[in-house]
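Here's a walk through the packing and the charge pairs of one model. Keep the viewer open while reading.

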Amino acid sequence: PNGPFAVEVRVRLAEYLAESGGDSKRAIELFDAAIQAEPDGPLASRARRGLGIARFEAGDLDGAAAALQRVVEEKSGAPLSPSLYAWLGQYRIDRNEFPQAAAALEELLANHPAYPGLEDAQFALADAYAKAGDATRA
């Protein structure tokens with residue numbers, strides 16, 4: 001569809017498909033189309049967050065991490081759930097991508113200070129800084 005609400009329609013339909021456990025493949029296609037249509041538009045971060053979740057559900061962990069990392073870097077007002085921040089941080093640590101891990105874990109701590117796994121997240125953040133060679137922040 002084209003028109004003034006085409007991107008919003010794609011994002012909402014993709015969210016419905018992803019959340020209902022329906023068709024992750026189609027959700028990914030719709031999120032991608034929305035992002036391509038308006039990569040810097042008002043719904044782009046929301047679409048990237050949805051894309052990351054849909055890719056995660058479809059088993060594309062590298063694709064999920066890339067989309068979710070972009071949301072973290074944009075600090076767009078489309079925050080992730082605490083479990084997604086924690087997953088992304090650990091995923092990046094496991095791949096020796098320490099600056100990206102630290103960014104995700106910092107956002108977790110900033111956006112969700114009452115997170116039940118707070119101590120684990122703080123330890124993971126210190127671990128990421130230490131492995132990155134930043135003893136001051138570790």
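Let's settle burial first: a residue is buried under 20% relative accessible area, exposed over 50%, and partly exposed in between, using a 1.4 Å probe and protein chains only. By that yardstick E8 is partly exposed, with a relative accessible area of 30%.

A bit of housekeeping: this is a predicted model, where local features need pLDDT of at least 70 and side-chain atom pairs count only at pLDDT 80 or more, while totals for chains, interfaces and linings use all residues. Residues are numbered from 1 along each chain as its sequence is written, and side-chain values use heavy atoms, with hydrogens and water left out.

**Salt bridges**

A salt bridge here is a side-chain nitrogen of Lys or Arg within 4 Å of a carboxyl oxygen of Asp or Glu. The count by this rule is 11 salt bridges, and the table lists some of them, including the one made by E8.

| Acid | Base | Closest N to O |
|---|---|---|
| E8 | R12 | 2.8 Å |
| E29 | R26 | 3.2 Å |
| D60 | R55 | 3.0 Å |

Helices are DSSP runs of H or I with at least four residues, numbered from the N terminus. E8 and R12 both sit in helix α1 (residues 6-19), 4 residues apart, or about one turn of the helix. E29 and R26 belong to helix α2 (residues 24-37); because they are 3 residues apart, about one helical turn separates them. E29 is partly exposed at 37% relative accessibility, and R26 also counts as partly exposed, at 37%.

For the R55 and D60 pair, R55 is buried, with a relative accessible area of 18%, whereas D60 is partly exposed at 28%. Salt bridges with shared partners also tie D32, R55 and D60 into one network.

**The nonpolar cores**

A nonpolar core is a set of buried Ala, Val, Leu, Ile, Met, Phe, Trp, Tyr and Cys residues joined through side-chain atoms within 4.5 Å. The largest one has 23 residues, and the members that touch the most others are L68, L80, W87, L88, I93 and L105. Two or more residues come from each of α4 (61-74), α5 (82-94), α6 (98-111) and α7 (118-131). Another core lies apart from it, with 14 residues, among them L30, F31, A34 and I35.

What does I93 contact once its neighbours within four places in sequence are left aside? Taking contact as heavy atoms within 4.5 Å, I93 meets F98, A101, L105, A124, D127, A128 and K131.

**Helix α5 and its partner α4**

The expected span of a helix is 1.5 Å times one less than its number of residues. α5 has 13 residues and reaches 18 Å from its first C-alpha to its last, close to the 18 Å expected. Its buried residues are L84, Y85, W87, L88, G89, Y91, R92 and I93, and they pack against α3 (44-57), α4, α6 and α7. Just after α5, N96 takes a positive phi of about 60 degrees.

α4 and α5 pack at an angle of about 115 degrees, with axes 10 Å apart; axes are lines fitted to C-alpha atoms, for helices over the stretch in contact, and angles run from 0 to 180 degrees between N-to-C directions. On the α4 side the contact involves L61, D62, A64, A65, A66, L68, Q69 and V72, and on the α5 side L84, Y85, W87, L88, Y91 and R92.

**Helix α3**

The 14 residues of α3 should span 20 Å, which agrees with the 20 Å between its end C-alpha atoms. Buried in α3 are A44, S45, A47, R48, G50, L51, G52, A54 and R55, and the cover over them includes α1, α2 and α4. Just after α3, G59 has a positive phi of about 90 degrees.

**Two side chains to look up**

Is E107, in helix α6, buried or exposed? E107 counts as buried, at 13% relative accessibility. Not counting residues up to four places away in sequence, E107 touches V72, K75, Y85 and H112.

F123 is found in helix α7 and counts as exposed, at 61% relative accessibility. F123 and R10 are 113 residues apart in sequence and 39 Å apart in space, C-alpha to C-alpha.
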